[in-house]
Amino acid sequence: MLETIQGTIEKMSVDPELAGVQVEEVTAAGAVQLGEGPHWIDSEQALYWVDLLAGVLHRLHPASGKHTSTTPPGKKSLGFVVPVFRQPHHFVVGLGLDVALLRWDGETQCAIERVLGSVHATPGSLRFNDGKADPQGRLWAGTMSTAIDKGVDPQPEIGSLYSLEESGVKKHVDYVGISNGLAWRDAIMYYIDSSAGRVDAFDLEPASGQLSGRRCVFDLQKNGVPGVPDGMTIDSVGNLWVACFDGAQVICVDPERGALLRRIPIPAKQVTSVCWGGRLLDELFVTTAAVKAETGKVAAGRLYRVTGLGANGLLNDQVHLPLRQ
């Protein structure tokens, strides 16, 4: 591990754009199979993320180094975790094809309180992948084929993008290959279908959640970026930070100009997602995976923290659910 990180640091030292940038493994977190969905809860100064295929929810308090985890009942994949606004210790999670309300105090065993909505499909054919809340508190989450989890080529474009409404889940986008990164700025929603190899933008009507005007804002292949886009986040000035699966890096993109601004090398090849955290929201937490060819490799599946970027993120939005008496 030390040699891998040292090689990354040496690469940074010769790139003037990376002067002062540090990438460190968060050793307290250990390694997972498929790290995804990082979410920073500012009031706790803690990071939550999932080991998606293992169905395990993780929590890390970086200041103390305390790491805890729990496994929701049901032995299902755990696609995402998003806290519920003004309901401490409650989270909306993607369990298989269910969107569920989970209670966990960060210490003891968690419990599923109820299912909020479900996608109906052939059992075992699809699962929820990435999910986040928009600035209005509406949950968005997408599905993908489970075939790729079993090491076979997935049936193309059988996934979809949904929002969570009072009546359940509502489909907005069809013919999705691998539904992934989400981010918002003003009345624009940025979205990644990894299979398409690009970052797209939609016009979003905040009150209704209606999407329109889909267009490409950044194509990885056309810009010479290896790998495929996975999870992403946005910073305080509107630039997107995109994890590149099989690309061993995080890239920073200006979506208004379609310009590649920066590349941040990561010791692991399978970079899955990113999230701003820390007291000033100036630390970029990076999840990675150890699947297929990367299984067993030392740097794979680790959690990394990137500092010295000279950028700040925004507070993660939380899901707004009606309080039940």
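Start by selecting Y48 and F91: both are buried (buried means under 20% relative accessible area, exposed over 50% and partly exposed in between, with a 1.4 Å probe and protein chains only). Before you go on, note that this is a predicted model, where local features need pLDDT of at least 70, side-chain atom pairs count only at pLDDT 80 or more, and totals for chains, interfaces and linings use all residues. Residues are numbered from 1 along each chain as its sequence is written, and side-chain values use heavy atoms, with hydrogens and water left out.

**Stop 1: the aromatic rings**

Keep Y48 and F91 selected and show their rings. The ring centres are 5.0 Å apart and the planes sit at 45 degrees, so this pair is tilted. For rings of Phe, Tyr and Trp (its six-membered ring), pairing asks for centres within 6.5 Å; planes under 30 degrees apart are stacked, over 60 edge-to-face, and the rest tilted. Y48 belongs to strand β3 and F91 to strand β7, 43 residues apart, which makes this a link between distant parts of the chain. Strands here are DSSP runs (E, at least two residues), numbered from the N terminus, as are helices (H or I, at least four). Now add W104 to the selection: Y48, F91 and W104 form one aromatic cluster.

How many aromatic pairs does a search of the whole structure find? Seven. For another one, pick F128 and Y162. Here the centres are 6.2 Å apart and the planes are at 70 degrees, so the pair is edge-to-face. This pair also links distant parts of the chain, with F128 in β10 (residues 126-133) and Y162 in β12, 34 residues apart. F128 and Y162 are both buried.

**Stop 2: strand β4 and its partners**

Go to residues 56-61, which make up strand β4. Five of the six residues in β4 are buried, leaving the strand mostly covered. On one side, β3 (residues 46-51) runs antiparallel to β4, with five bridges joining them; two strands count as paired if DSSP finds at least two bridges between them. To see a facing pair, select V50, which stands opposite L57 in β4. The hairpin of β3 and β4 has four residues between the strands, and G55 in this hairpin takes a positive phi near 70 degrees.

Next, show β5 (residues 66-70), which pairs with β4 in the antiparallel sense over five bridges. L60 faces H67 of β5. In the β4-β5 hairpin, again look for a glycine: G65 has a positive phi near 75 degrees, and four residues lie between the strands.

Stay in β4 and click on H58. Is H58 buried or exposed? Its relative accessibility is 7%, so H58 counts as buried. Its side chain makes a polar contact of 2.8 Å with that of H67. A polar contact is a pair of N or O atoms within 3.5 Å; within protein, one must be able to donate a hydrogen and the other to accept it, and residues adjacent in sequence count only if both atoms are side-chain atoms. Beyond its neighbours within four places in sequence, H58 is in contact with residues including Y48, W49 and W104 (contact means heavy atoms within 4.5 Å).

**Stop 3: S160 in β12**

Move to strand β12 (residues 159-165) and select S160. S160 is buried, at 2% relative accessibility. Show D174 as well: the side chains of S160 and D174 share a polar contact of 2.9 Å. Leaving out residues up to four places away in sequence, S160 also touches others, among them A141, T143 and S179.

**Stop 4: two open sheets**

Colour β6, β7, β8 and β9, four strands that form an open sheet in that order with antiparallel pairing. β6 (78-83) and β9 (111-118) are at the edges with a single partner strand each, so one side of each has no neighbour in the sheet. Four bridges join β6 to β7 (residues 90-95). Find P83, and you will see F91 of β7 opposite.

The other open sheet to colour has the order β1-β24-β23-β22, also antiparallel. Its edge strands are β1 (22-25) and β22 (271-277). β1 is joined to β24 (residues 304-307) by four bridges, and E25 stands opposite Y304.

**Last stop: the cysteines**

How many disulfides does a search of the whole structure find? Zero, where a disulfide would be a pair of cysteine sulfur atoms within 2.5 Å. For C216, the nearest cysteine sulfur is that of C244, 14 Å away. C216 is partly exposed at 40% relative accessible area, while C244 is buried at 0%.
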